[in-house]
Amino acid sequence: MLEKEQILLIIYFTIIILFFIIFGIIFFIAFQRRKNKLLLEKLKAEQRFEDEIFKSRIEIQEQALKNVSWELHDNIGQLLSTAVMQINIMGTTIDEATSESLQDVRKLVGDSLQEIRNLSKTLNNEVIHNIGLEKSIRVELDRFEKLRFLKTKLTITGDEFDINPKDEIILYRVIQEFFSNTIKHAEASNLHVALEYDPDKLNIKVQDDGVGFDMKAVQANSGLLNMKSRAALVKAKFNYKSAPGKGVSIALSYPIKDKV
């Protein structure tokens with residue numbers, strides 16, 4: 001009888017110990033899940049905060065660019081237009097030989113006026129909204145050709161479609177950042193932009209033939225980081241590659257949400 005009671009007691013304590021073990025495991029799992037959930041929420045909150053900060057910075061930059069565009073077009077553009085008119089008036093009061101020399105000056109001022117107007121278009125996001133991504137890129141590439149910075153090429157494949165205007169601005173600014181880096185640092189002779197329209201995405205590739213850099217030895221600079229951050233705002237995949245003497249290229253894959 002005593003042995004039976006001891007066996008029952010052992011079973012009873014075993015069940016209690018198993019209960020506490022199972023309870024402990026369940027509590028630990030629930031605690032870990034709660035902890036992971038809180039960490040994930042914290043990370044998401046921090047990411048949202050960083051996104052808002054970056055969006056605010058982008059908005060400030062866009063407004064600054066718009067203001068510069070207005071100044072170029074309205075103020076400096078008007079001054080150059082007035083200069084052209086004054087030169088035309090002067091041309092009617094001087095001798096033929098001097099008039100020919102004056103015409104060279106007139107052409108130079110006229111070209112400068114056109115260049116400023118083209119530059120103001122690439123800075124103003126409202127103009128980019130109106131003329132679209134492709135034409136905005138063409139304007140910038142034509143400007144490089146006229147200034148003899150680079151030989152350029154733009155290729156387009158697939159059936160073109162309109163995309164969200166806000167996203168279009170961000171994509172253009174990514175491309176423009178690459179252009180700026182190429183002009184400043186690449187020592188390139190050629191610049192190629194390719195737009196590939198797929199049914200569910202827009203693939204963009206931009207490449208120069210400049211000095212390039214060793215990706216293993218050199219960390220991404222601020223320009224590349226800016227491009228990557230901007231691409232993330234519109235959920236576009238961003239990749240870049242380079243090698244010494246082989247230029248730099250970037251690839252953007254922008255998923256189409258709602259065609260507009």
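Biologist: Which residues form a nonpolar patch on the surface, and how much accessible area do they have together?

Modeller: The members are Leu-9, Tyr-12, Phe-13, Ile-17, Leu-18, Ile-21, Ile-22, Ile-25, Ile-26, Phe-28 and Ile-29. Patches take residues with over 30% relative accessible area and no salt bridge, joining nonpolar side chains (Val, Leu, Ile, Met, Phe, Trp, Tyr) within 5 Å and like charges within 9 Å. With areas from the Shrake-Rupley method (1.4 Å probe, only the protein chains shown counting as cover for residues), the patch has together about 1100 Å².

Biologist: Good to know! What kind of model is this?

Modeller: Residues are numbered from 1 along each chain as its sequence is written, and side-chain values use heavy atoms, leaving out hydrogens and water. Local features need pLDDT of at least 70, side-chain atom pairs count only at pLDDT 80 or more, and totals for chains, interfaces and linings use all residues, as this model is predicted.

Biologist: Back to the patch: is Leu-18 buried, partly exposed or exposed?

Modeller: Leu-18 sits in helix H1 (residues 2–91), where helices (H or I, at least four residues) and strands (E, at least two) are DSSP runs numbered from the N terminus. Buried means under 20% relative accessible area, exposed over 50%, and partly exposed in between (1.4 Å probe, protein chains only). Leu-18 has 46% relative accessibility, so it counts as partly exposed.

Biologist: Now the interior. Which element gives the most to the largest nonpolar core?

Modeller: A nonpolar core is a set of buried Ala, Val, Leu, Ile, Met, Phe, Trp, Tyr and Cys residues joined through side-chain atoms within 4.5 Å. The largest one has 38 residues, and Ile-137, Phe-179, Ile-204 and Val-206 have the most contacts inside it. At least two residues each come from H3, H4, strand E2 (190–197), E3, H5 and strand E5 (248–255). With nine residues, the biggest contribution is that of H4.

Biologist: How are the rings of Phe-144 and Phe-179 arranged?

Modeller: Phe-144 is in helix H3 (residues 125–146) and Phe-179 in helix H4 (residues 165–186), 35 residues apart, and both are buried. Rings of Phe, Tyr and Trp (its six-membered ring) pair if their centres lie within 6.5 Å; planes under 30 degrees apart are stacked, over 60 edge-to-face and the rest tilted. Here the centres are 5.6 Å apart and the planes at 85°, so the pair is edge-to-face.

Biologist: And what is the angle between the planes of Phe-213 and Tyr-240?

Modeller: Phe-213 lies in the loop between strand E3 (201–208) and helix H5 (222–233), while Tyr-240 is in strand E4 (residues 237–242), so the pair ties together parts 27 residues apart in sequence. Phe-213 is buried at 18% relative accessible area, whereas Tyr-240 is partly exposed at 26%. The pair is tilted, with 6.4 Å centre to centre and an angle of 40°.

Biologist: Let's turn to charges. Which residues are linked in a network of salt bridges?

Modeller: A salt bridge is a side-chain nitrogen of Lys or Arg within 4 Å of a carboxyl oxygen of Asp or Glu. Lys-201 pairs with Asp-198 at 3.5 Å and with Asp-200 at 3.9 Å, N to O. Asp-198 is buried at 18% relative accessibility, while Lys-201 is partly exposed at 27%. The network consists of Asp-198, Asp-200 and Lys-201.

Biologist: One more: how far apart are the closest N and O atoms of Glu-140 and Arg-143?

Modeller: These two are three residues apart in helix H3, so about one helical turn separates them. Both are buried. Their salt bridge has its closest N and O atoms apart by 3.3 Å.
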